[in-house]
Amino acid sequence: MTPPPGCEEYEEGIVYECLRPIYGVPSSARALWVTLSKYFGERGFETVGFEDSVWCRQAGGQYGAKIIVSAHIDDLLIACSDLNVMKKFKFKEDFLKRFEGTDEGDVEQYLGCEVIYYREASTVTLRQKVYAECVLRLYGMWGCAPVKTQLEPGTRLSKAD
């Protein structure tokens, strides 16, 4: 490892202590999770069940809607059913003051899923069309013809079947 920029003197055998995790080093993911957990915990968020990369802040007090944050590597996805709560909470602005990053606007794709908004109906649909096409191409089944299943929808199978 070379000395950090700005280090004028360099002697052989000197050991440098890394004060921040280096992006790409295996321990950096854990360090980021610890930092995010502390940050969210100070703001009333808790991890969701067994999923340590999703934090939730329940509705109540000054916020009338639940806020959910999902983290994957260095991408965050923020979900809230009320845009006014997000504006009042100023989550994104506060987060970007503390951490380097950019607000990319509405999400279009996340973890291989296409995200489709239907604002009039207040719904969000996740679609894995691109992933399904990649799998079909990978296994040489892209040109195959679809057929209906022989089973009725909802049919339960057992080991004897």
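# Exercises on a three-stranded sheet and its chain

Strands β5 and β6 run antiparallel and are joined by 2 bridges. Keep in mind that this is a predicted model. Here are some exercises to work through with the structure open.

**Exercise 1.** Work out the strand order of the open sheet that holds β5, and find which strands are its edges.

*Solution.* Start with the pairing we already have: β5 goes with β6, antiparallel. Next, look at the other neighbour of β6: residues 113–118 make up this strand, and 5 bridges join it to β7, again antiparallel. Put the two pairings together and you get an open sheet of 3 strands in the order β5-β6-β7. That leaves β5 (109–110) and β7 (123–127) as the edge strands, each pairing on one side only. As for what holds such pairs together, strands of a sheet pair through backbone hydrogen bonds.

**Exercise 2.** Pick out residues that face each other across the strands, going from β5 to β7.

*Solution.* Begin at the β5 end: tyrosine 110 has cysteine 113 in β6 as its bridge partner. Now cross to the other pairing, where isoleucine 116 is bridged to threonine 125 in β7. Step back to valine 115 and you'll find leucine 126 of β7 opposite. In a regular strand, side chains alternate between the two faces of the sheet.

**Exercise 3.** How many residues sit between the strands in each hairpin, and which residue takes a positive phi there?

*Solution.* Take the hairpin of β5 and β6 to begin with: there are 2 residues between the strands, and leucine 111 has a positive phi near 50 degrees. Then move on to the hairpin of β6 and β7, with 4 residues between the strands; here serine 122 has the positive phi, near 55 degrees.

**Exercise 4.** Place the sheet in the whole chain, then decide how the protein's radius of gyration compares with that of a compact globule.

*Solution.* First count elements: the protein has 4 helices and 7 strands. Along the sequence they read α-β-β-β-β-α-α-β-β-β-α. Now for the overall dimensions: the C-alpha trace spans about 75 × 50 × 35 Å along its principal axes. The radius of gyration is 23 Å, whereas a compact globule of 161 residues would come out near 15 Å. Check burial next: 17% of the 161 residues count as buried, with under 20% relative accessible area as the cut-off. Finally, look at contacts with a separation of 6 or more: 22% of them involve residues 24 or more positions apart.

Methods:
Residues are numbered from 1 along each chain as its sequence is written. This is a predicted model: local features need pLDDT of at least 70, side-chain atom pairs count only at pLDDT 80 or more; totals for chains, interfaces and linings use all residues. Side-chain values use heavy atoms; hydrogens and water are left out. The radius of gyration is taken over C-alpha atoms; the globule rule is 2.2 Å times the number of residues to the power 0.38. Buried means under 20% relative accessible area, exposed over 50%, partly exposed in between (1.4 Å probe, protein chains only). Contact means heavy atoms within 4.5 Å. Two strands pair if DSSP finds at least two bridges between them.
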